[in-house]
Every structure is written in structure tokens, then in C-alpha cells.
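User: I'd like to learn how to read helices, sheets and a chain contact in a model. Could you walk me through one?

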Amino acid sequence: MPDTKRELISRLQKNILQWEGYKQPPPGMRELMGLGSVEAAFPNGVFPLGAVHELVCGNTEQATACGGFVTGLLAVLMQNGGACLWIGLSGNLFPSALKAFGVEPDRVIFITLSKDKDVLWVMEEALKCAGLAAVIGELKEMDFKQSRRLQLAVEQSQVTGFVLRNESDKMGSTACAARWQIKPLPGEPVDGLPGLGFPRWQVELLKVRNGQPGKWIVEWSDGKFTPVEKRILEQQKLLVG
Amino acid sequence: MQKRFVVIWFRHLTTDWLTLRRPELKDVPFVFAAPERNRIIITASNPTAEVQGVYRGMAAADAKAITTNLQVLDHIPGKEAKLLRQLGLWCIRYTPIVAIDLPDGLVLDISGCTHLWNGERGYLKEIVNKLRASGYDARAAIADTIGAAWAVARFGKTSPIINNGTQAQALMGLPPIALRLEPLVLEKLHKLGFSTIKSFMQIPRSVLRRRFGEGFLLRLAQALGLEDEIIEPLIPPVPYAERLPCMEPVRTAKAIEIAIQKLLEGLCARLQAEGKGVRKATLKCYRIDGKMVQAGISTNRGSHSVSHLFKLFELQVSKIEPALGIELFLLEAPKVEDVDAPQEKLWAGNPGLQDTALAELLDRIATKVGPERIRRYLPAEHYWPERSIKPAVSLSEIPLTKWRTDRPRPLRLLRRPERVEVMALLPDYPPKVFTYRGKRHIVEKADGPERIEREWWRDKGEHRDYYAVEDSNGGRYWLFRSGHYDAAPEWYLHGFFA
């Protein structure tokens, strides 16, 4: 009886997810971020809000790509007039560019600090504040205990947090919901015209709690995320049609 | 409450000071003198000189002719103000409101202070005796108005205490100079034969105004108490303050926290009743070793929430060094503002930046890491990238112009552009290869140039030609060439695109 067994196992898995706090989402929550198949990798196929996401970046180019990707997510999170806090060590983020990713730059509060410790303190305080749409922290090192503190803060307030880890030396396990890596990819020319195309990234989920890690190519065009395979498929369909 | 004032007159302010510093001058006639219109005029003379007939305003040459052993010293500009300030600060032990009355007097607002010295007589005696004992020849008077007290202190012949409402009688017999009038008006009064205040007090105001002007009437009315006079206190009183003396000196952090809590409860109850909120507050801790330590907080918007303000002070408790113990806590709120009562919303939208919780969060962060690290930006109408944003003044400031999206702008902008080595195929072409921090990047695609001119009315220098380029790994950069393409153009990397 393999069928009944499979059914039993899937039911048990669902139960476990429920006990861990993952509720069956309302229908509108699917494809919330417009990330398509990326979102399907998460439990229940829903991008986890009210959790801490960790993004690792190896150099400035990757850190910038991470910034762009997170800003794209923020655009959705800040849709209904929320504010967000961007806590960083470098302070070289250029507010004008956020508008291109659909975020009102004047609704973002920038905090520039000099130490990881301060970033973590400010981030924890901020994540406890339920009125915020999101909190982004750029830092170097974070251990399990510190990530746990952030996670606990988030569970109370349901604020979404993003930790951008820049040039970290060690990659221990953390209590974050997901670990991402965003790398810039060469863009495709638009309609065969010269010049730069739309920003294109290789989005990789290194770790997902209760989900499927994977690798995707995502582009930012027309003010939203566009998974690239999907578009290529569409184009092919058009050609065939 | 009926206002009462003390005016103290120092008859020999600067000379007394010099006598204190150089006791050998006590019995020597000496004067201070300063040049005025090509003559050396005496600005102050000591009592010994005055006995011999040397007064202020005399020419120094005449004075030397009168007395044989007169010492003429250089007048020290600004000395009176300095001395009066010191004496005024000393007088704060008698009343919190002390003002300087240049060139030789102090004004004390003593309303409600005298009962501590058994009435006004004891109070006045105490001040004058203490001042005289310390070597200053002081005369003082108490009256309902500053003008009357001033007149009686300088020209009064009977009692220095003018009872409530009797200043008119007290002024009757005094000369017009007691009203603090201008020399021109005094001269006119003298010519017309008005030798006492009594002689013109009853004359209708319109007649007096026509002859002596508005200033004269104001001085008369101020002396009689018909017009209010405003003084500028040496130490401006803080309207919102709470004190907490301790029975035993306090040393532990917990005890300091309890003290803060108590002070805040008192202060916030009052603020709430008046619809105000704290923007800035200072906790002053007076220690038993005579030193004072203080901790300050500031908020983004007025708050009278005990729990929030306590949290802000809690972050500062570790900075308060109690040493042997603190015996007095003083909580002052020098800056308060009106707060609107929070209105319950029927449909709760996301309050965004106007959220009280967010303002409180930022207060806590500012207290911990410093307010200069928190920034919010608004668009500024400049093309020059560094000037195209400006920091917002407050959370409620909204952008006056739209954010521009018509030109590509990098997500990360370097604070100062960094030099790169570049190879370009042709003049005015985007670079083919560039080396940034020792790493070679081969440029695959490029956009540009976008020329941004310097604002010539602000600074001089070369314009910039910006190119957005993408290297073979997909990294996207913002490069610019400074100035025109000539023999050795300088190239810089200014930012990273997402």
C-alpha cells in the first residue's frame, strides 16, 4: 500500500508544519512577491513574512545585488504606507536609487553605525516595533545566539527582517528562516538594443527552513520581479504560436 | 501674588573690587579713568577720593589738581558686567530670579522668598550685611516695583522698605533723576524747575508726553507700578522641573532608577494636565562630594509617557557615576512642546512614519548611539549626485519635489569617487577595460555618457561624464571621466548598480 503510506506521510508533514507555526495561507498570499518558482520553495509555497532572512554577499558587487533584491521585496512590504529601517556599517546606500525599485526613499530611515554589536542591538529593538514594515541590517558576523534573539523579536511583532552579511569569515548555522545568496548576472539586451539591460541576478536559496533550496535567475523589469525561465518560455511559446 | 523686588546699588563697585585685591590701596585716593573726547575722564572713584572731592565725570587733570596723591588707573572695560554677574550668581541663594542692572546694580525678584528670613527686614539686612562684610559698599531697597526700589536704594533717606502700594508716597520727595531718565529729559525738567517727583506727578499725561516724550511717561508708570517691567534673569528658570532630595545618599543603579521613576511620574502628570510633552530633559544628580553629574535625553516628538521616558533614561543610568552618593536629584525639562492627544483610528491603516511607536524607537536608538547617526533623506533639486539628496529635519517633513527616476542612479554611491585606470578605444567612448583596486574588469556593455555639469555658482572644477558599464561577470558600475577628453583624462568609479 504505497499510496496510503504516502498520504499518511504528507498528512503528517502538514501537521508538523502547522505545529511549527506555518499556517495554511489564505489564497491571496501565494506569489505575493512575484518571485514565481522561488516562492514555491518555501513551506506551503509562501514567502515567510514575520521572519528573519539572511543574505550572504562576498563582495561589494554582490552586496549591491543583495540590496537591489531586498529593495524589490521592500516595495511589496511597504505597499500600504509602512516605514522601514536600514541599518548599515558603510552608509553608502544612495536613497535616490531606491525609487527605481518601487520604494519611496523618504519612508526609509537610515542608521549608520560602526560596530556589528550596535547593529544587532538596534536591529533587535527595531524588530520589536510592530509598526515597521521591515528592518534591514548590514553587518559582518552574526552567531547563532544573536540570530535567535532576532528571531524571537520577530515572532512577537511579525516584522520582516533582512540581515545582509557582507564578507563574513565564518558561516555557522543561524536561526534565520532562509539563507540567500544573490549574485549579479550579465543582463540581456532589450530588443537587441545596445547598452545595459534590466538588472539580472542569480538568486540562490542556500538554506530554507522546511523548504527546498534551489537556484533561479530573476530579473527586475517594469517595476517587478520576473523569473527569467518563465519569460523565456513565454517567448518561445509566442514564437511557436 | 504681589510682586516684590530688591534693588541693590553698589556705590563703588570697581574700586571696592580693586581694594579687595590690593588692600594697600584702602586709604589711598584712587580713580579709574578712560579717555573720552580727547580728555581723560574719571569713571569711578573710591570713597577716600570722594571725601577729597573727586567724583565720577571729572577730568583726571582737574582731580589731580585737587588732591596731591591721587592715583589714576586705567578703566577696565566690561569689568562691571563681570563683577555684577559674579555677585548676581552669589545672590541666587536668596532668590532664583536675579538680573543685572548695568552699570552698578542688581535686581532681585523676591516674591515669596522673604519669609525664610523672617520677613523683609531680616531679608534685606542679611543681604546688605553679607555684601558689606565681603567688602562691597552696597545699598538696597525693597518695593513693589523695580523703579521705586531703584529710586529708594539710591536716593531714599528714610526706610529702605517701601510697603505694599505706597511707592507713590515714597517717590514724592525724591529728585527726578531717581526715575532713571535720560540726561536730556533731566536737563529739561531742571530748566522748568521740577526739583522733585511730587511737582510733576499730578500733571496730566498728555501734557507730559508732549514735552518729555513717551520714554519719560513709561519710566514714571513703571516706578508707580502702572506698567510692568520685564527683567532678564541671569539663569533662566526652567518652568518644568522636579526635585527629589534623598534622606540617605544614593549609590546603587536600582536606587537611581527608582528616583528617575518618581521624578518622571511627577513631571509627566503635570505635563499631561497641560497637554505638553518633553522634547529635551536633563537629570542632574548632586553628589555629596559637591560635584554634579548629569544625563540628558531628547525625543523626536513631545512625550509625556512615563514608561517611554524612563526607558530612555535607563540607557543612561550606567553613565551616572554616583561616587560617594547622590543626595539630590533634579529633573529639568528645558524644551517641551504641545502634544495632540492620540486619536483612535476607526480603520487602522499603517501609520508609517507618523507612528508613535516608531518615534519612541528612534528616541531609544538616538539615546544609545547618538542622534547624528539616524538620517532620513529627501530629494533636493540638484543634478550633481552628492547634492541630489538632503537630510530631512524631522519625521514629518515631506518631500517637496518628486524623486527622479529618469536617469540611472547606482544603489551604492561611494562617498568620494575612487580613481580607476582605464583603457578606452576612442575619445568619448566608454572604457573597454578598467582596473579598480588592482582588479581588471573587462567592460561588455555600456550606457552613456550622461554629462553632469558642476554648479558654477557653488564650486569650480571639471564637469563629469558618467557611464554605466557592465563587466563580463555581470557587475554593474558607475564610472565617470572628469572633464573633457584630452591627453590624460582622469577616470573615477563612483558607484555600484544593483
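User: Which exposed residues sit on the face of α12(B) turned away from its buried side?

Analyst: Keep in mind that this is a predicted model. On that face of α12(B) you'll find Lys254(B), Ala269(B) and Ala273(B), which are exposed.

User: And which residues of α12(B) are buried?

Analyst: Ile256(B), Ala259(B), Ile260(B), Leu263(B), Leu264(B), Leu267(B), Cys268(B) and Leu271(B) are the buried ones. Look down the axis of α12(B) and they fall within an arc of 155°, so they line one face of the helix. As for what they pack against, it's β8 (241-250), β9 (276-287), α13 (306-314) and β11 (326-338), again in chain B.

User: How do I check the length of α12(B) against what is expected?

Analyst: Use the rise of 1.5 Å a residue: α12(B) covers residues 253-274, 22 residues in total, so it should span 32 Å, and the 31 Å between its end C-alpha atoms agrees with that. After the helix comes Gly275(B), with a positive phi near 70°.

User: Let's try another helix. How many residues of α14(B) are buried?

Analyst: Ten of the 14, so to speak a mostly covered helix. The buried set is Leu358(B), Glu360(B), Leu361(B), Leu362(B), Asp363(B), Arg364(B), Ile365(B), Ala366(B), Thr367(B) and Val369(B). For length, α14(B) runs over residues 356-369 and reaches 20 Å from first C-alpha to last, close to the 20 Å expected. Just past its end, Gly370(B) has a positive phi of about 105°.

User: Now sheets. How do strands pair in general?

Analyst: Through backbone hydrogen bonds, in either a parallel or an antiparallel arrangement. For a case here, take the open sheet of three strands in chain B, ordered β3-β2-β4, where the pairing is mixed. Its edge strands are β3 (39-45) and β4 (71-74), each pairing on one side only. From one strand to the next, the twist averages 45°.

User: In which sense do β2 and β3 of chain B pair?

Analyst: Antiparallel, over six bridges, with β2 covering residues 30-36. To see one of the partnerships, find Val31(B) and look across to Ser45(B) in β3(B).

User: What about pairing across the chains: which strand of chain B is joined to β3(A)?

Analyst: That's β12(B), residues 374-379, which runs antiparallel to β3(A) and is joined to it by three bridges. Ile109(A) is a good place to look, standing opposite Arg376(B) in β12(B).

User: How is the size of an interface often given?

Analyst: Often as the accessible area lost when the parts come together. Here we'll count residues instead: chain A puts 42 into the contact and chain B puts in 46. On the side of chain A that touches chain B, α3 (60-77), α4 (95-98), β3 (108-112), α5 (116-127) and β6 (178-185) each supply at least two residues. The largest share is that of α3(A), with six residues. Sort that side of chain A by class and you get 23 nonpolar, 13 polar and six charged residues.

User: To finish, how many helices and strands does chain A have?

Analyst: Seven helices and nine strands. Of the 241 residues in chain A, 43% are buried. As for contacts within chain A between residues at least 6 apart in sequence, 68% join residues at least 24 apart.

Note on methods. Residues are numbered from 1 along each chain as its sequence is written. Chains are lettered from A and ligands numbered from 1 in the order in which they are written. This is a predicted model: local features need pLDDT of at least 70, side-chain atom pairs count only at pLDDT 80 or more; totals for chains, interfaces and linings use all residues. Helices (H or I, at least four residues) and strands (E, at least two) are DSSP runs, numbered from the N terminus. The expected span of a helix is 1.5 Å times one less than its number of residues. A residue is buried if 20 or more other C-beta atoms lie within 10 Å of its own, exposed if 12 or fewer, and partly exposed in between; C-beta atoms are placed from the backbone. Two residues are in contact if their C-beta atoms, placed from the backbone, lie within 7 Å. Ala, Val, Leu, Ile, Met, Phe, Trp, Tyr, Cys and Pro count as nonpolar, Asp, Glu, Lys and Arg as charged, and the others, Gly among them, as polar. Two strands pair if DSSP finds at least two bridges between them. The arc is that of the directions from the helix axis to the C-beta atoms. Axes are lines fitted to C-alpha atoms, for helices over the stretch in contact, and angles run from 0 to 180 degrees between N-to-C directions.
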